Structure formats: C-alpha cells, structure tokens
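Here's an informal walk through one protein chain, with a sheet and its core as the main topics. Take a look at the model before reading on.

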Amino acid sequence: MAMSAKTGKTERVIAISVTDWFRYGCPHCGHLEAQRTLSVSIASRLVCANPDCGRTYCTINDGNNISMINFGTKEEPYYPELLEHPLAGDASDRSSRDEEIALRHYVNCL
Ligand SMILES: [Zn+2]
C-alpha cells in the first residue's frame, strides 16, 4: 500500500519489469525519471520524479514475477506481482526511445 500524492487514497503499488520501465517509464504517467528509495535483490522501490504524479511503484528484474519488497504492513504484507505495463498499449510512439538514456536515468537513481 502506498499513499497517492494526487488522490490521497491508499492504493496497491504496481510492479513492472525493468525492460518495461526502460521503454515506458512510470506505470502511472510515463515519466522516465524516478528516485530509487529501496532496492532488495531483484526488486526496486521507485518514486516518480514527475511532481504531478509522485507515485510509488516497483520494478522487478526480468525473469522474475514477484517483488521481494513488502509494500504492505507487517500485519498485512503485500508483495506486488509483475504486471504488464499499463501504458504499454498506447505508447507505441515511445518504442524508439533511446534505451541507453533510460538506463542512465535508472542508474542515476542509485
Ligand atoms: Zn509518474
């Protein structure tokens, strides 16, 4: 669970693959830059750097299906499972995006 900066409502964190992240960015708004706030094994917790979004999401290394990071509480743990990127369908114009630039953004989050 994470607090949405926009709605103030509690919502489930979305987990996407690192490859989808390179291609499509934030699963909520498509923004490419994010701050990595936690990294555990194959999973990272990112906070979108778009001030109009600012939502928390999770990336999972390719080949894995579930986050090792608990986004719930101690009493009610929540390990988000990998989802297809929500913006992948309508972001075909982004497929030519330079993945090296995306990678650099990602590395800068460390
Ligand atoms: Zn965003």
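A residue counts as exposed if 12 or fewer other C-beta atoms lie within 10 Å of its own, and as buried if 20 or more do. Keep that cut-off in mind for what follows, and note that this is a predicted model. Take Ser 41 to start with: it has 11 other C-beta atoms within 10 Å, so it is exposed. Ser 41 sits in the loop between E4 and E5. Its phi is near 50 degrees, which is a positive value in a residue other than glycine.

**The overall layout**

Let's zoom out for a moment. The protein chain has 2 helices and 6 strands, and along the sequence they follow the pattern β-β-β-α-β-β-β-α. Of the 110 residues in the protein chain, 29% are buried. Among the contacts with a separation of 6 or more, 54% are between residues 24 or more positions apart.

**The sheet**

Which order do the strands of the open sheet take? There are 4 of them, running E3-E6-E5-E4, and the pairing is mixed. At the edges are E3 (15–17) and E4, each of which pairs on one side only. On average, neighbouring strands of this sheet are turned by 30 degrees against each other, ignoring direction.

Here is how the pairings go, strand by strand:

| Strand pair | Sense | Bridges |
|---|---|---|
| E4 (residues 34–40) and E5 | antiparallel | 6 bridges |
| E5 and E6 (residues 56–60) | antiparallel | 5 bridges |
| E3 and E6 | parallel | 3 bridges |

Now for some individual partners. Where E4 meets E5, Val 40 has Ala 43 as its bridge partner, and Ser 39 stands opposite Ser 44. The hairpin of these two strands, E4 and E5, has 2 residues between the strands, and this is where the positive phi of Ser 41 turns up.

Moving across to the pairing of E5 with E6, Leu 46 has Tyr 57 in E6 as its bridge partner. These two residues are 11 residues apart along the chain, and their C-alpha atoms are separated by 5.4 Å. Over in the parallel pairing, Ile 16 stands opposite Thr 59 in E6.

**What's covered up**

Is Leu 46 buried or exposed? Leu 46 lies in strand E5, and with 24 other C-beta atoms within 10 Å it is buried. That goes with the picture for E5 (residues 43–48) as a whole, which is mostly covered, with 5 of its 6 residues buried.

How many of the residues of E6 are buried? The count is 5 of the 5, so E6 is largely enclosed by the rest of the structure. Thr 56, Cys 58 and Ile 60 point one way from E6, while Tyr 57 and Thr 59 point the other way, and all of them are buried.

**The core**

Some of these residues come back in the largest nonpolar core, which has 16 residues. Those with the most contacts inside it are Val 13, Ile 14, Ala 15, Tyr 57 and Cys 58. E3, E5 and E6 each supply at least two residues of this core.

Ala 15 is a handy one to click on. Leaving aside neighbours within four places in sequence, Ala 15 is in contact with Cys 58 and Ile 60, as well as with Ser 67, Pro 80, Glu 81, Leu 82 and Leu 83.

**Out on a loop**

One last stop is Pro 77, which is found in the loop between E6 and helix H2 (99–108). Why does Pro 77 count as exposed? Pro 77 has 9 other C-beta atoms within 10 Å, and the cut-off for exposed is 12 or fewer. Not counting residues up to four places away in sequence, Pro 77 touches Asn 70 and Gly 72.

Methods. Residues numbered from 1 in each chain as written. Predicted model: local features only at pLDDT ≥ 70, side-chain atom pairs only at ≥ 80, totals over all residues. Pairing = 2+ DSSP bridges. Axes fitted to C-alpha atoms, helices over the stretch in contact; angles between N-to-C directions. Contact = placed C-beta atoms within 7 Å. Core = buried A, V, L, I, M, F, W, Y, C linked by C-beta atoms within 7 Å.
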